[in-house]
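Colleague: I would like to learn how to read a structure like this one. Could we take it feature by feature?

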Amino acid sequence: MIRKSIPMILLLLVLILLFFMINLFIGSVHIPVKDIVKILFNEGNESEIWQNIIWKSRLPQALTAMVAGAGLAVSGLQMQTVFRNPLAGPSVLGISSGASLGVAFVVLMSGAIGKVALSRLGYFGDAAMSVAAIIGALAVMVLIVYVSQKVKGNVTLLIIGVMIGYLASAIIGVLKFFSPEEDVKAYVVWGLGSFARVSGDQMFLFVALMCILLPLSMLLVKTMNLLLLGDGYARNLGLNIKKARMQVITCSGILVAIVTAYCGPIMFIGLAVSHLCRAIFHTSDHRILMPGTMLTGSALALICNLIARMPGFEGALPVNSVTALVGAPIIASVLFRRRKEDVHE
């Protein structure tokens, strides 16, 4: 089965390279392809504006989209495996809500207490939001890991995660009510999600973190395959269910926390990609699904980033709007196809 999947894996790698290059070539500002190639190889004396567009905008966005898409896709697959629920996604345990709550405290309270809107502080403001998102997400994750050791059923843990999400949303609503309009606008813009926020040193740190975390997540492939068998079979095969569940949830939570901190809450990629991969590879073996999900997530995120920056748009569309438009039909088509297969069987 693994050998049969190699051609598809190679095809996905080619598609990622293709979409990555298209992200560099196409945007709201037209730059000839030959000039882009010269800029990338430091040949010629192209316009400084064009060089800034490539090096400080398009290239960082493409790299960010590629690794963020892979991280969210893997996180979604892990959540769906742990909970054996096709609707489980990276935000199901309230980890994304925790990141949003952390940012809300920093952004919405900065104007009310310090009388200075965080959105006006430039790089310092962006760094403060990233740190706040990581702290908020990791705080919720620690709570979830603690609760996972106390409760037996996945359903109970799932309900607790949903309740944490509702609680975070309620607190955010109260903060919005008492915050200045400028701070509320800055928070809403952050919540729309964007691959364009990560640049400079932040981009190198983000890409480096994801390049470490994604290979480490591959170490859980065997554990996830055993979890698919059910708790009874997995326990008989020597798997410590609580420990395994905690490891997978922790890995998924850290991936979501890092991506949300740098890009904001990106929806649908984590939920849609795992379904798409199962339809493409026709297997539930995580030895195939994990690398397939990483690559498919990268390709889909690059497509969404490209659509958001298509010529004719001033600036860029919110990434969450694009991911919903792309992800929702994917999920619907996969579910309908699966239902037809079940009927024919």
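**Reading the fold**

Modeller: Start with the order of the elements. From the N terminus on, the protein chain runs α-α-α-α-α-α-α-α-α-α-α-α-α-α. Keep in mind that this is a predicted model.

Colleague: How many helices and how many strands does the protein chain have?

Modeller: The count is 14 helices and 0 strands.

Colleague: What does the radius of gyration say about the protein chain?

Modeller: The idea is to set the value beside the one for a compact globule. For 345 residues such a globule would have a radius of gyration near 20 Å, and the protein chain has 21 Å, so the two agree. Along its principal axes, the C-alpha trace spans about 65 × 55 × 35 Å.

Colleague: What share of the contacts joins residues at least 24 apart in sequence?

Modeller: Take the contacts between residues at least 6 apart in sequence; 79% of them join residues at least 24 apart.

Colleague: Now the inside. What percentage of the residues is buried?

Modeller: A residue counts as buried when its relative accessible area is under 20%. In the protein chain, buried residues make up 50% of the 345.

Colleague: Which residues have the most contacts inside the largest nonpolar core?

Modeller: They are Phe83, Leu93, Phe206 and Cys263, in a core of 99 residues. Apart from that core lies another, of 5 residues, including Ile31 and Ile39. As for Cys263, its contacts beyond four places in sequence include Thr64, Ala68, Arg197 and Phe206.

Colleague: Let me try a polar residue. Is asparagine 305 buried or exposed?

Modeller: Asparagine 305 has a relative accessible area of 2%, so it is buried. Its place is in helix α13, which covers residues 286–308. Beyond four places in sequence, asparagine 305 touches Asn23, Gln61, Ala62, Ala65 and Phe195.

Colleague: And where does serine 100 lie?

Modeller: Serine 100 is in helix α4, residues 95–114. Its relative accessibility is 11%, and therefore it counts as buried. Setting aside neighbours within four places in sequence, serine 100 is in contact with Ile172, Tyr187, Trp190 and Pro265.

Colleague: Last, the outside. How much of the accessible surface belongs to carbon and sulfur atoms?

Modeller: The accessible surface of the protein chain is about 16,800 Å², and 68% of that belongs to carbon and sulfur atoms.

Colleague: How many positive and negative side chains are there?

Modeller: There are 26 positive and 15 negative side chains in the protein chain. The centres of these two sets lie 13 Å apart.

Technical notes. Residues are numbered from 1 along each chain as its sequence is written. This is a predicted model: local features need pLDDT of at least 70, side-chain atom pairs count only at pLDDT 80 or more; totals for chains, interfaces and linings use all residues. Side-chain values use heavy atoms; hydrogens and water are left out. A nonpolar core is a set of buried Ala, Val, Leu, Ile, Met, Phe, Trp, Tyr and Cys residues joined through side-chain atoms within 4.5 Å. Buried means under 20% relative accessible area, exposed over 50%, partly exposed in between (1.4 Å probe, protein chains only). Contact means heavy atoms within 4.5 Å. Helices (H or I, at least four residues) and strands (E, at least two) are DSSP runs, numbered from the N terminus. The radius of gyration is taken over C-alpha atoms; the globule rule is 2.2 Å times the number of residues to the power 0.38. Accessible areas come from the Shrake-Rupley method with a 1.4 Å probe; for residues, only the protein chains shown count as cover. Lys and Arg count as positive and Asp and Glu as negative; His and the chain ends are not counted. The place of a charge is taken as NZ of Lys, CZ of Arg, CG of Asp or CD of Glu.
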